[in-house]
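Reader: I've got the sequence and the model up on my screen. Walk me through them, please, and start with the vocabulary.

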Amino acid sequence: MITHELTPDRRALLKQGLLDAIIDQDPELEALTAVETLAHHFGRLEAPPMRLTTPFTLFFRENS
């Protein structure tokens, strides 16, 4: 089973072997990217956003 967002409870499930992997993202960066993209599109931000994708980290039992 694979889930999203690394929380303390999910980390514990991962270490117990009850989860196979967790995809962890940066929700604040995702929101900022979305706002900057919209602001640029509507002419409220001169420069385009720094990035259009947000990085993610995969966590497995070995690196949790």
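Author: Helices (H or I, at least four residues) and strands (E, at least two) are DSSP runs, numbered from the N terminus. The model is predicted, so local features need pLDDT of at least 70 and side-chain atom pairs count only at pLDDT 80 or more, while totals for chains, interfaces and linings use all residues. Residues are numbered from 1 along each chain as its sequence is written, and side-chain values use heavy atoms, with hydrogens and water left out.

Reader: Where is Gly17 placed?

Author: Gly17 is no strand or helix residue, since its place is in a loop. With 38% relative accessibility it counts as partly exposed, because that label covers everything between buried (under 20% relative accessible area) and exposed (over 50%), with a 1.4 Å probe and protein chains only. Gly17 and Thr57 are 40 residues apart in sequence and 18 Å apart in space, C-alpha to C-alpha. The loop that holds Gly17 runs between H1 and E2.

Reader: In what order do the strands of the open sheet come?

Author: There are 3 strands with mixed pairing, where a pair needs at least two DSSP bridges. E1 (2-4) and E3 (56-59) each have a single partner strand, so they stand at the edges with one side lacking a neighbour in the sheet. On average, neighbouring strands are turned by 20° against each other, direction ignored. Reading across the sheet, the order is E1-E2-E3.

Reader: And helix H1, what angle does its direction make with that of E2?

Author: Residues 8-15 form H1, which packs on the sheet and touches E1, E2 and E3. Axes are lines fitted to C-alpha atoms, for helices over the stretch in contact, and angles run from 0 to 180 degrees between N-to-C directions. On that scale, H1 and E2 make about 150°.

Reader: Which residue in E2 is the bridge partner of Thr3?

Author: Thr3 has its place in strand E1, and E1 pairs with E2 (residues 21-25) in the parallel sense over 3 bridges. Beyond neighbours within four places in sequence, Thr3 is in contact (heavy atoms within 4.5 Å) with Arg10, Leu19, Ala21, Ile22 and Ile23. One of those five is also the bridge partner, Ile22.

Reader: Is Thr3 buried or exposed?

Author: The relative accessible area of Thr3 is 17%. The cut-off for a buried residue is under 20%, so Thr3 counts as buried.

Reader: What is odd about the phi of Glu5?

Author: Glu5 lies in the loop between E1 and H1, and is partly exposed at 25% relative accessibility. Most residues other than glycine have a negative phi. Glu5 is not a glycine, yet its phi is positive, at about 65°.

Reader: How far apart are the C-alpha atoms of Gln25 and Phe56?

Author: Gln25 has its place in strand E2, while Phe56 is found in strand E3. Not counting residues up to four places away in sequence, Gln25 touches His4, Glu5, Glu30, Pro55 and Phe56. The two residues are 31 apart along the chain, but their C-alpha atoms are separated by 4.6 Å.

Reader: What about Glu28 and Leu13, how far apart are their C-alpha atoms?

Author: Glu28 lies in helix H2 (residues 27-41) and is exposed, at 67% relative accessibility. Along the chain, Glu28 and Leu13 are 15 residues apart. Between their C-alpha atoms, the separation is 25 Å.
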